[in-house]
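Got the viewer open? Then let's take a walk through this model, one selection after another.

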Amino acid sequence: MQKKLPIFLKQYFWDVDFEKIDIERSGSYVVYRILDKGNDKAIRWMFKTYEKKLIKEVVTKRRGFNAKTANFWADFLNIDKRKVVCLQKPYL
């Protein structure tokens, strides 16, 4: 696996030092950003780069998604919405 993110993803990481993001160590952060903000090209790259298990884990455990985004990815990845943390009552 490559260590650096492709340059076309830089627009999704405007608030951090893009050059220092490590694909492996920062995997869940990268997946979260792409699921939340990414376009088709970014999402295709993410699915080729990361295991589906990690992607599902990010959807279920990250609290930063808005309800619309979380619902979409839960449906898309066939995840029980009761397991998606940000869709639970205290976070809505």
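Start by selecting K20 and D17: the two form a salt bridge, with their closest N and O atoms 3.9 Å apart. A salt bridge here is a side-chain nitrogen of Lys or Arg within 4 Å of a carboxyl oxygen of Asp or Glu. Side chains of opposite charge can pair when their charged atoms come close. K20 is exposed, with a relative accessible area of 65%, while D17 is partly exposed at 41%. For those words, buried means under 20% relative accessible area, exposed means over 50%, and partly exposed is in between, using a 1.4 Å probe and protein chains only.

Before you click on, a word about what you're looking at: this is a predicted model, where local features need pLDDT of at least 70 and side-chain atom pairs count only at pLDDT 80 or more, while totals for chains, interfaces and linings use all residues. Residues are numbered from 1 along each chain as its sequence is written, and side-chain values use heavy atoms, with hydrogens and water left out.

How many salt bridges are there by this rule? The count comes to 5. Select K37 and D36 for another of them, where the closest N and O atoms are 3.1 Å apart. K37 is partly exposed, at 42% relative accessibility. Then try D80 and R82, whose side chains meet in a salt bridge at 2.8 Å, N to O. In this pair D80 is partly exposed at 29%, and R82 is exposed at 67%.

Now zoom out and switch to a cartoon view. The protein chain has 4 helices and 0 strands, and reading along the sequence gives you the pattern α-α-α-α. The radius of gyration is 13 Å, close to the 12 Å that the globule rule gives for 92 residues, so the chain is as compact as a globular protein of that length. That radius is taken over C-alpha atoms, and the rule is 2.2 Å times the number of residues to the power 0.38. Helices are DSSP runs of H or I with at least four residues, strands are E runs of at least two, and both are numbered from the N terminus.

Turn the C-alpha trace around: along its principal axes it spans about 35 × 25 × 25 Å. Of the 92 residues, 40% count as buried. Switch on a surface and you'll see about 6100 Å² exposed, with carbon and sulfur atoms supplying 50% of it; accessible areas come from the Shrake-Rupley method with a 1.4 Å probe, and for residues only the protein chains shown count as cover.

Next, select α1, residues 27–37. Is this helix mostly covered or mostly open? α1 is mostly covered, with 8 of its 11 residues buried. Colour them in: G27, Y29, V30, V31, Y32, R33, I34 and L35. What do they pack against? Add α2 (40–49), α3 (52–61) and α4 (67–76) to your selection, and you have the partners of the buried residues of α1.

While α4 is on screen, pick out T69, which lies in that helix. T69 is buried, with a relative accessible area of 15%. Leaving aside neighbours within four places in sequence, T69 is in contact with L35 and D36, where contact means heavy atoms within 4.5 Å. You've met both already: L35 is among the buried residues of α1, and D36 is the salt-bridge partner of K37.

Step back to the segment before α1 and select D22. Buried or exposed? D22 counts as buried, at 12% relative accessibility. Its contacts, neighbours within four places in sequence aside, are K3 and G27.

R25 is found in the segment before α1 too. This one is exposed, with a relative accessible area of 72%. Try the distance tool from R25 to G38: they are 13 residues apart in sequence and 20 Å apart in space, C-alpha to C-alpha.

For the last stop, go to the segment after α4 and select N78. Check the backbone here: phi of N78 is near 55°, a positive value in a residue other than glycine. Most residues other than glycine have a negative phi. N78 is exposed, with a relative accessible area of 69%.
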